[in-house]
Amino acid sequence: MPEPTRIHYRACNLCEAICGIAVEHRGDEILGIRGDREDPFSRGHVCPKAVALQDVHHDPDRLRHPLRRTAAGFERISWRAAFDEVGQRLAAIQRRYGSDAVAMYAGNPSVHNYGTMLFGPRLMRALKTRNRFSATSVDQLPHHLAAYLMFGHQLLLPIPDLDRTDFLLILGANPAVSNGSLMTAPDVKNRLKAIRRRGGTVVVVDPRRTRTAALADRHLFIRPGQDALLLAALLHTLFDEGLARPGRLAGMLDGLDRLAELVADFPAERVAAASGIDAPQIRRLARDFAAAPAAACYGRMGTSVTEFGGLCQWLINALNAVTGNLDREGGVMFTRPAVDVVGRPYGGGSYGRWRSRVRGLPEFAGELPVATLAEEILTPGEGRIRALVTSAGNPVLSTPNGRQLERALDRLDYMVAIDLYLNETTRHADVILPPTSALEHDHYDLVFNLLAVRNVARYSPPMVTPPSDARHDWQILLELESRLGRQGLRARLERAILRRLGPAGMLAVALRTGPYGPGWNPLRRGLTLGRLKKAPHGVDLGPLTPCLPQRLKTPERRIHLTPEPFAADVRRLRRHLERQTPPPFVLIGRRSVRSNNSWLHNAPRLMRGAERCTLWLHPDDAERLGVAGGDRVRLRSRVGAVEAPVEVTDRIMPGVVSLPHGWGHHRPGIRLRIAATRPGASINDLTDERRLDALSGNAAFSGVPVEIEAVVEAAAATPPAAVARA
Ligand SMILES: Nc1nc2c(c(=O)[nH]1)N[C@H]1C(S)=C(S)[C@@H](COP(=O)(O)OP(=O)(O)OC[C@H]3O[C@@H](n4cnc5c(=O)[nH]c(N)nc54)[C@H](O)[C@@H]3O)O[C@H]1N2
Ligand SMILES: Nc1nc2c(c(=O)[nH]1)N[C@H]1C(S)=C(S)[C@@H](COP(=O)(O)OP(=O)(O)OC[C@H]3O[C@@H](n4cnc5c(=O)[nH]c(N)nc54)[C@H](O)[C@@H]3O)O[C@H]1N2
Ligand code: SF4
Ligand SMILES: [Mo]
């Protein structure tokens, strides 16, 4: 008898918007994916990427068995053989060279998979290595640093109260394309439009006129990497014009006067030239922000991945606090998720407890900046990294100077990758351990419920049962931990219990003991996993509510407005302002609605249409270089060179060029047949591992100086993809 057609409701886990989706399927075969109209949070919204869940699940290139590299290429091996080999090789390297000889890198999909979230950190700890890395240090690390130093916990991240704000100032974020980040807000475009519909204002500051800018009242072009100057000038204006009014926060703030002193050198008139925004515009922006009944300043990637990422996130928090908009309805607020990781006694953060061996970069929350990974492998001496575990990451395409990292990976004694694909990074591994696809496991948004503009909760069961010889990420991680971690009776018992509980059992306990749970009292009602299972469209737990000072994790429950590391770093910003000699061209990135970092380019439906890996160039610059749309140019930075076709557009500032990240699928030996047909070039063959936010160690992708030249006809014989500098 043919299987009946069913509708399976779940959360899309591809990006931070966590849209509810309805998957029509017959057994394992997916017939269609649409938005779940009954989801109270996402209200039927989906983006073009949702279908990738289907494409990835059915992708013939997706790995379904462990692979081992041999001289003749990768061969299939059993799970047992794979685990045995990995366990023995990593243990032997640690015995011989010490724990730090094995490094681990966790990529972005880790945070979209609660099994990985619960078991990945355990493996990291079991390895007892100081060489832990993740995509955090090419992304939101400055946000965590600011939260840790100002509010006492790295995850106390202020979230814009999007649905109630009267004034939204967006710096370096493009939610209309990214669907929001550190601001989980499905259907974000309509939420942005609603601000203006109710009489509010949206201002976007970006070196590109983005799709988000198109939805705003005002768009200001800014020179890449200069947001810290703009923010300092906004605060300066507030103090200068008597507009600093923290309101009910006044009694919880430490350092208001100090803040005024620190921004004293940055009047709007002084930063105008460097930022590219004239002084009256800056002053007007500060006044409008201060005058709004409730306002939220929100800065994301464009502010975070700069040389002053830490200062930016600090100044953004300060701007919100000084105007009384922190912890205010319609301002920026803290969430109260059903599984409250902030309430736990551990994991609050740490800073600078140790430094990286080669460059002395600071640890944050137990991790080192990934921009230093390659040199930690390549630089000889005691403490050199000799083996690497990657989990859900593609650092060859996603971290600065990917070419250098490729060279480094070839120098490792051993590498293991937990990944769905044989790609630019995992091709360097000795063993690849592929987990189940998203539809084969259950799902709960441990991270994004913490970052959502409303308190919500939703549990998604697996849609299909995985094949009997498949392994989930958490099972792979736990198996490795059991071979590499402590071996005492207690440790073994704990792992045996966790193996039985799995992520769902752990979730059940966390929900029961969480802020909405009944605890262990059988008579009390409250949010349990059982109740979530009966609510396939999710449960709405209400809007964000003020929670300060109770929720602060600083010793005296006070807000530190001027933590010393930031105060000291202002000196660097001052020097930067004095030393402005802009290079002829600076490079920034770009995201596309139909990409997801590096890993959805094998989804056939997302790859249709025009070439996307193009270089955006302003018409004046195109004329100066003598190139037109479709011509190829060569870009050169300190670390390398790539070629790309030009797209001429006035949606970018003169002197600024933009190339998307996540491309460069021309590398030999990968198994991504669709991606390889349109490989594009990797922007991270140009980005520079030495350009960092010196304070946090976050990569400074934005504003990389580049030289550009037209590719002359004769050069057409060279391969169309990227060419590394010798
Ligand atoms: N120049 C430049 N570089 C950037 C950025 C930029 O804007 N500009 N953005 C940065 C940002 S914000 C981020 S987050 C990073 C991302 O950096 P990474 O996380 O290193 O890269 P991704 O492209 O997300 O690669 C994810 C990998 O995980 C695999 N994968 C997908 N799902 C799963 C799963 O469920 N389990 C396992 N085990 N594997 C899975 C995919 O096959 C892929 O290999 O890139 C950063 N790099
Ligand atoms: N479709 C799609 N969605 C995604 C992703 C994806 O790859 N594709 N990736 C996901 C991930 S991992 C993340 S972290 C989020 C990121 O989410 P966002 O931060 O919203 O996304 P970006 O497109 O990186 O937006 C950064 C913006 O900053 C601008 N910018 C660059 N330099 C500067 C600068 O110096 N100053 C200012 N003010 N602006 C600058 C860029 O032009 C860009 O518009 O998106 C997530 N969602
Ligand atoms: S916006 Fe994000 S969560 Fe929503 S459907 Fe698209 S990829 Fe999935
Ligand atoms: Mo990210």
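The legends below describe close-up views of three ligand sites and one internal cavity in a predicted model.

Residues are numbered from 1 along each chain as its sequence is written, and chains are lettered from A and ligands numbered from 1 in the order in which they are written. In this predicted model, local features need pLDDT of at least 70 and side-chain atom pairs count only at pLDDT 80 or more, while totals for chains, interfaces and linings use all residues; side-chain values use heavy atoms, with hydrogens and water left out.

**View 1. Ligand 1 and its surroundings between two domains.** Ligand 1 lies between domain 2 (67–135 + 360–438) and domain 4 (581–710), because both give residues to its shell; the domain bounds come from an automatic or database domain assignment. Of the 28 residues around ligand 1, those that come nearest are Y105, N108, S398, D419 and S598, where a residue counts as near if one of its heavy atoms lies within 4 Å of the molecule. Polar contacts are pairs of N or O atoms within 3.5 Å; within protein, one atom must be able to donate a hydrogen and the other to accept it, and residues adjacent in sequence count only if both atoms are side-chain atoms. A polar backbone atom of N108 is 2.6 Å from an oxygen atom of ligand 1, a polar backbone atom of S398 is 2.7 Å from a nitrogen atom of the ligand, and a polar side-chain atom of N423 lies 2.7 Å from an oxygen atom of the ligand. Taken alone, ligand 1 exposes 910 Å², of which the protein buries 96%, with accessible areas taken from the Shrake-Rupley method with a 1.4 Å probe. The shell holds 13 nonpolar, 11 polar and 4 charged residues; here Ala, Val, Leu, Ile, Met, Phe, Trp, Tyr, Cys and Pro count as nonpolar, Asp, Glu, Lys and Arg as charged, and the others, Gly among them, as polar.

**View 2. Ligand 2 and its polar contacts.** Around ligand 2 there are 30 residues, of which D206, G225, D227, S595 and S702 come nearest. Polar side-chain atoms of D227 and K49 lie 2.6 Å and 3.0 Å, respectively, from a nitrogen atom of ligand 2, whereas a polar side-chain atom of R591 lies 2.7 Å from an oxygen atom of the ligand. On its own ligand 2 has 920 Å² of accessible area, and the protein covers 96% of this. Domain 3 (141–338 + 555–572) and domain 4 (581–710) each provide at least three residues of the shell, which comprises 10 nonpolar, 13 polar and 7 charged residues. Helix α5 (175–178) and helix α12 (301–304) each supply at least two shell residues, and the largest share, 3 residues, comes from α5; helices (H or I, at least four residues) and strands (E, at least two) are DSSP runs, numbered from the N terminus.

**View 3. The residues around ligand 3.** Ligand 3 is surrounded by C12, L14, C15, A17, I18, C19, V46, C47, K49, A50 and N179. By class, this shell divides into 9 nonpolar residues, 1 polar and 1 charged.

**View 4. The second largest cavity and its lining.** About 180 Å³ of space lies in this cavity, a cavity being a set of points, on a 1 Å grid over the protein atoms alone, where a 1.4 Å probe fits but cannot get out; grid points are joined across faces, edges and corners, and the volume is the space filled by probe spheres set on the points. Of the 15 residues that line the second largest cavity, H143, P158, G299, Q313 and N317 are the closest to its centre, lining residues being those with an atom within 4 Å of a point. The elements that give two or more residues to this lining are α4 (141–151), β13 (295–299) and α13 (309–322), and α13 gives the most, with 4 residues. The lining has 10 nonpolar and 5 polar residues and no charged ones.

Note on methods: On a 1 Å grid over the protein atoms alone, a cavity is a set of points where a 1.4 Å probe fits but cannot get out, and a pocket is an open set with protein on both sides within 12 Å along at least five of seven lines; lining residues have an atom within 4 Å of a point.
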